Amino acid sequence: MPKTSITREDSHTISLFVANKPGVLLRICLVFSRRGFNIESLVVSPAIDGRFSRMTITANGDKNVLEQIIKQCAKLIDVVHASEHDSSYSIEQEFALIKVRLKPKNRSEILQLVQHVQGESIDFSDNTLILKIVGESKKIDTCITMLEPYGILEMVRSGKMVITKGKSET
Amino acid sequence: MTKKTLNGAESLIKCLENHGVEHIFGYPGGAAIPIFDAIYDSSIKLILVRHEQGATHMADGYARATGKPGVVLVTSGPGATNTVTGLLTANMDSVPMIVICGQQITPVLGKDAFQEADVFGITAPVVKHSYLVKDPNDIPRIVKESFFISATGRPGPVLIDVPKDVSSSPCTTNIDDCDMDLPGFSKPEKPSIKDIKKLANTIKGSKKPLLLIGHGVIISQAHKQVLALAEKLGAPVTSTLLGMGGFPENHSLSVGFLGMHGTAYANKAVAECDLIFSIGSRWDDRITPAKIERFCPGAKKCHIDIDPAEINKILVPDASCVGDAKLILESLIPMVEPLDTKDWLKKTQKNKKKYPLSYKIHGGLKAQHVIDELCKLTNGDATVTTDVGQHQMWTAQFYNFKRPEQWITSGGAGTMGFGFPAAIGAQFGQPEQTVIAICGDGGFQMTLFELSTAVIHKLPIKIVIIDNKYLGMVRQWQELFFDDRLSGVDMVGNPDFVKLAKSYGAKAFRIKRPADVKKVLKQALDYNEGPCVIHAEVIKQDNVFPMVPAGAAAEDMIISRPTTKLQKPKGST
Ligand SMILES: Cc1cc2nc3c(=O)[nH]c(=O)nc-3n(C[C@H](O)[C@H](O)[C@H](O)COP(=O)(O)OP(=O)(O)OC[C@H]3O[C@@H](n4cnc5c(N)ncnc54)[C@H](O)[C@@H]3O)c2cc1C
Ligand SMILES: Cc1ncc(C[n+]2csc(CCOP(=O)(O)OP(=O)(O)O)c2C)c(N)n1
Ligand SMILES: [Mg+2]
């Protein structure tokens, strides 16, 4: 797997519902950094009720430490709830923009590949192509592996976003 | 008649009055002047300290002596950063406290204005919660929330940063009637009956039970329930350093405190019990070994704590219940049956006789002798604070506590400089009690300037300086584990503490010989017109035993001075 993968074996996805106030993110980051945890990805967006925000955090590390981290996050006054989700009852999706080197001889090959992963080419220049890919993080990892031989110039990933299935709350 | 509109500072002080605040420990500065101005017309008594750190420890001592949050008021920048050690100390030991800081005006925040500091950011890791107030109309809500947060569930310090333009602008919200907005605050859970039943079942059949009581028992005021449970089960009781006072030490079931410098009979009970039941203790690394499997091997573990994050943090118990200790014990007591502990109690009693805490009266003045005599002369009734070091451990060993809120010491942070200002706060909180601060020569010098504060308010505190002319606790480690290579522990240059105290206008006594201990302490205890310092010049080389080296298990305890060289401790500190 490429270095850019965020779906490692010990990877965990935590979803937080928090008060939309200044300083919340600082406090949450402190819970992770104090225990030597590196946050791999972080997505924050306002909830339907604008007084709150949703966060999805992906981090790698020991399961027991992670249990402690979730509890310490939940304890924060501005955190309404914090929980780890597993994919059996939740949907996890990620979004990526990938800039690939384009040579005339690869062009059709790359475009075929993009079609195959249901990606979209959203910008062309003489020698570059920007692709948009949406899906599970694993799928994005795979795309990256496939595109690497052509030369990936730059890449931005949104980080995982999680929502629970059915009526249960995220 | 229309009511005068209050400004932010005035409404802040009014709110504090409404919350029953009687004392503010403070130190002024430009950004806090509007708030000090509002105090001018208030019923609240301002205690002007000599250093902001002193103010925080006073508020801390006040809170531990009364169970009510202590309140601190300081200015921006360095005034606020001087509270960080006090915030850490309170946060580590779950003490309710409210620190209000002046701040630069909002338009210049982040522009390196004079005495501007990111106080919210600097203090975030050491508070339970904090606020940067942007709108004066939020002040009544924020004050209400702060009191609620600091004292509800697991207590802790709350910081309120108030920019000067906010404290100077009008506040038009109703201060007597405002709603809190805390959707994320997890109220302490109502204890689950299922969990309590499981506790009862886990206790059943134990032949060698040990109750371990912690600071949570004091916070919860669960001492009566602990006594009832211990007597019903027939179980011996040990306590953490901070749990002392939660169970009377003169009770036959008490085995004193456990851990690094706890009693030998407590640590032996830990090593041999078949059930250990923590009530409001967090299995700190000064009572549990680095290899947690070595802690009470073979014993079942039960755990009660109000903070869900404490369950499974250090060890995974066989049964646990989240909630207030008092509430849980009230439900648990009727569910348990007396245990068959006759042999176990015989054994713990035998160990109490075999390994008593002791010291020799002869061969120079001993700290233990001074403390032991203080306990006798005050009938074990005084409120005692300590600083951090050997004298702290000897006080824990030789002063026998019997009631909650009688024992005030910095455990989790181990903050030198805590003891004396904490005694000032405790005396304000318990004006009728005899309050004694037992300090080391090192630690006392970290906050001794508060002698002015104690003298001005004529507080009859007894400040006992155990002067071994060393940073004794560190010297002990260097002697035992670092081949006696003493590095940075000699307190050469100590002042004459008697003269020093007198220059502040305090009464002062000196003890040099064992024969003088009783006589001088009596004189000091009889003096109640103001603070007095008792300078006890003790022998320099004494060590605290028993000792469980850091990271080791209870059975590795050293009971007296070792004759062979010891391994450097591998555990924490
Ligand atoms: C030089 C030095 C030596 C030391 N040596 C020792 C030693 O030998 N032995 C020792 O024990 N300690 C020692 N300590 C202190 C040690 O570092 C810890 O501070 C102490 O062990 C913690 O005790 P605790 O868990 O009871 O209290 P805290 O750390 O205050 O924890 C209290 C617990 O109670 C819970 N709680 C709060 N309110 C409630 C409630 N209403 N109901 C239920 N639970 C509640 C809290 O959530 C928390 O988990 C030493 C410290 C120093 C500085
Ligand atoms: C602020 C702070 N600095 C350093 C320490 C480390 N420390 C722990 S005990 C101790 C020695 C204390 O000496 P003293 O106050 O004379 O008490 P003694 O041990 O001699 O009784 C030191 C330096 C500390 N706990 N707190
Ligand atoms: Mg000393």
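What follows is a conversation between a student and a tutor about this predicted model.

Tutor: Residues are numbered from 1 along each chain as its sequence is written, and chains are lettered from A in the order in which they are written. Because the model is predicted, local features need pLDDT of at least 70 and side-chain atom pairs count only at pLDDT 80 or more, while totals for chains, interfaces and linings use all residues; side-chain values use heavy atoms, leaving out hydrogens and water.

Student: What makes strand 1 and strand 3 of chain A a pair?

Tutor: Strands are DSSP runs of E with at least two residues, and helices are runs of H or I with at least four, numbered from the N terminus. Two strands pair if DSSP finds at least two bridges between them. Strand 1 (residues 11–19) and strand 3 (residues 52–60) of chain A share nine bridges in the antiparallel sense, so they meet that definition. Ile14(A), for example, stands opposite Ile57(A) in strand 3 of chain A.

Student: Which strands of the chain A sheet are called edge strands?

Tutor: The sheet is open, with four strands in the order 2-3-1-4 and antiparallel pairing. Strand 2 (39–46) and strand 4 (79–84) of chain A each pair on one side only, which earns them the name. The twist averages 15° from one strand to the next.

Student: How do you know that helix 2 of chain A runs at about 165° to strand 4 of chain A?

Tutor: Axes are lines fitted to C-alpha atoms, for helices over the stretch in contact, and angles run from 0 to 180 degrees between N-to-C directions. Helix 2 (residues 63–75) lies across strand 1 and strand 4 of chain A, and its angle to strand 4 comes out at about 165°. Helix 1 (residues 24–34) of chain A runs at about 20° to strand 3 of chain A.

Student: Why does strand 11 of chain B have one side without a neighbour in the sheet?

Tutor: The sheet in chain B is open, its six strands ordered 11-10-9-12-13-14 with parallel pairing. Strand 11 (254–257) and strand 14 (319–322) of chain B stand at the edges with a single partner strand each, so one side of each has no neighbour in the sheet. Strand 12 (residues 275–279) and strand 13 (residues 300–305) of chain B run parallel and are joined by five bridges.

Student: What makes Lys75(A) and Asp307(B) a salt bridge?

Tutor: The term asks for a side-chain nitrogen of Lys or Arg within 4 Å of a carboxyl oxygen of Asp or Glu. In Lys75(A) and Asp307(B) the closest N and O atoms are 2.6 Å apart, so the pair qualifies. The count between chain B and chain A is one salt bridge. Within chain A, Arg157(A) and Asp141(A) form another, at 2.9 Å. That pair links distant parts of the chain, with Arg157(A) in strand 8 and Asp141(A) in helix 4, 16 residues apart.

Student: How many residues of chain B are in contact with chain A, and how much area is buried?

Tutor: Contact means heavy atoms within 4.5 Å, and 22 residues of chain B are in contact with 18 residues of chain A. Buried area is the accessible area (1.4 Å probe) that two parts lose on being put together, summed over both; here that is about 1500 Å², with 56% from carbon and sulfur atoms.

Student: What is notable about the bond joining Phe545(B) and Pro546(B)?

Tutor: That peptide bond is cis, with omega about 0°. Pro546(B) is in the segment after strand 20 (532–537) of chain B.
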